Each structure stands twice: as structure tokens, then as C-alpha cells.
Amino acid sequence: MRFYTDRVTSRTGGAVDISYLFTAGIFVQIALLFYVLGLLVRNELLLRGLLLIGTMFYILYYYFVSDVPLWDAIFASAMIGLANVIMILVILREKSTLGMSDDMLALYGTFTTLNPGQFRKIMRHADWITAPEDLPICTRGVRSDYLYLVSKGQVILRDDGRNVAVGSGNFIGEISFLLDCPATADVIAMQGTELVRWDRQKLMSLMHKSVRLSNAIGALFNADIARKLSVSWPKDQAHRE
Ligand SMILES: Nc1ncnc2c1ncn2[C@@H]1O[C@@H]2COP(=O)(O)O[C@H]2[C@H]1O
């Protein structure tokens, strides 16, 4: 396929000369259109998609604009396009649960405020443990090194001489994690209970590195505490001064 290399824009006898549409120059105008559209949207995936289409039209322009394709420019544009494709794949993976095992998918249901990418990130720093016997995991008044999620089985919460069973899908230790204080209750994981465990320091440093992740985890623990509050009753206590 050949394109005219000269740009013809004159008007003849009042009629618009459309020969420009059949020159290589039209590709650069289409590329510009996609770049401008891309820069006008906020959605990162759409922005990158539009820029990628724009880059393809630039490559067509460099190929057809002269008798010999402009290989240097084509290479440079191809590299820009490749970097864009890599980031589009990274974003798609962050948004998708594709490749997650059944256990991970079941667990992900608890992490309602995290996207799949954020969930994968914090799970890379988690251990899966099974209580070999009844195992104390939080002691009232003592700072714990770990934060837990009950994934199977149950833990017993001891508070004011009462024992309450708490089942799967509940975080344990999130109050002291959010408030940076000692544990507010004794908690014992029953023999055979499966827990997902995070080192608090590591989780905290992950949160310091990403404001979005920090907000998502904060929202998750707030929702967990609100849910627990909705089924509990305040303790009788003296008024605060
Ligand atoms: N009323 C409650 N209902 C459910 N879980 C609780 C309740 N009180 C305390 N816990 C859990 O027990 C944990 C003890 O350590 P934290 O105070 O860090 O976080 C606490 C909660 O995860």
C-alpha cells in the first residue's frame, strides 16, 4: 500500500480537497486524536489503551511517511508501546483473581476493601498456621507480634470471665493493631484451628509504603470492628472525664 507523501490541502472550485486523507499524514492526526482522548480521561486502563492505539498510528505514520520507513522512530515508538503493554498487563492482573487457588479465593471474600493485587501483596507476607493444641494467640494487656485471621475452626475469646467462640472470617488482634496498644482480650485458638498470620511490623511497613493499601487495610479493620460492635454490648464503666 502506498500513500502520497505530499500534503494537499487546497480548495478547488469551492470543493474541499480530500486527498490529504490518503496521505501518511492522516495517521499522525489519528494518533494525535487518540493521545488527546487518552490524556482527557482519568481511568488509567482506558488512558493507557488510548495511548497504545495512538502509538500504533504513529508507527504506521513512520512506516509510510517516506520511501524508506523511519526505523529509528518506529523502534522508539515500539519500545514506548511495549512499556505500555507491560503496565496494562500489570494493571489487569491487579484487577483480576485469575490464577488464585481455591483457598485464596475463599479467603479473598473476607478482604472486601482490597483489590486482588493488594490482597496478593499482603498474602505474600502471611503464614498459614494450624494450632497443634489449644494455643493462646493474644493475652490481654500484652502487645502481640502478630495479627490473625481465623480461616477454619474457631478461637475462644476470654473477656471478664466469659468465653465466647469466634469463627472463621474474623480478624484477631486488629484493635491493638489499629490503636497501637496492648491486646484488649485473651484469645485462644482451639486445637486444629487454621489461622492466617501476619507479622505486625512487616504489615505496618507495607502500609507505610502505599497509602492506598494502608487505606484499604484501615477500612477493612474498621468494618470488622464495626461488625463486632454491632453484636456486642458496651461494658459498664465510669464516665470519662
Ligand atoms: N467483643 C469482641 N468481639 C469479637 N472480637 C473481639 C471482641 N473484643 C476483642 N476481640 C478480639 O480479640 C482481640 C484481642 O486483641 P486486640 O484487642 O488487638 O483485638 C481483639 C479483637 O480481635
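In this predicted model, the lining of the largest pocket is made up, by class, of 16 nonpolar, eight charged and six polar residues. The pocket itself has a volume of about 1,200 Å³. Its lining consists of 30 residues, and those that lie nearest the centre are Leu157, Asp159, Ile175, Lys228 and Ser232. Several elements of secondary structure contribute to this lining. Three strands, E6 (155–159), E7 (162–166) and E8 (171–172), each supply at least two residues, and so do the helices H6 (174–179) and H8 (211–230).

The ligand may be considered next. Around the ligand there are 13 residues, of which Ile172, Gly173, Glu174, Ser176 and Thr184 come nearest. Individual atoms can also be followed. In Thr184, an N or O atom of the side chain is 2.5 Å from an oxygen atom of the ligand. Gly173 takes part through its backbone, where an N or O atom lies 2.9 Å from an oxygen atom of the ligand. The side chain of Lys228 has an N or O atom 3.4 Å from an oxygen atom of the ligand. On its own, the ligand has 450 Å² of accessible area, and the protein covers 86% of this area. Lys228 thus appears in two parts of this account: the residue is among those nearest the centre of the largest pocket, and its side chain has the 3.4 Å approach to the ligand.

A further pocket can now be examined. The second largest pocket has a volume of about 480 Å³. This pocket is lined by 19 residues, with Glu94, Asn115, Gly117, Gln118 and Arg212 closest to its centre. Two or more residues of the lining come from each of the helices H2 (44–64), H3 (71–95), H5 (116–123) and H8. Among these elements, H3 gives the most, with six residues. By class, the lining of the second largest pocket divides into nine charged, five polar and five nonpolar residues. Helix H8 therefore supplies residues to the linings of both pockets, with at least two in the largest and two or more in the second largest.

The arrangement of domains completes the description. The protein is divided into domain 1 (7–94) and domain 2 (113–240). The C-alpha centres of these two domains lie 51 Å apart. Where do the residues lining the second largest pocket come from, in terms of domains? At least three are drawn from each of domain 1 and domain 2.

Methods. Residues numbered from 1 in each chain as written. Predicted model: local features only at pLDDT ≥ 70, side-chain atom pairs only at ≥ 80, totals over all residues. Heavy atoms only, no water. 1 Å grid on protein atoms, 1.4 Å probe; cavity = no way out; pocket = protein on both sides within 12 Å on 5 of 7 lines; lining within 4 Å. Points joined across faces, edges and corners; volume = space filled by probe spheres on them. Helix = DSSP H or I, 4+ residues; strand = E, 2+ residues; numbered from the N terminus. Nonpolar A, V, L, I, M, F, W, Y, C, P; charged D, E, K, R; others polar. Domains from an automatic or database assignment. Near = heavy atom within 4 Å. Polar contact = N/O pair within 3.5 Å; in protein donor to acceptor, adjacent residues only side chain to side chain. Areas by Shrake-Rupley, 256 points an atom, 1.4 Å probe, with all protein chains shown as cover.
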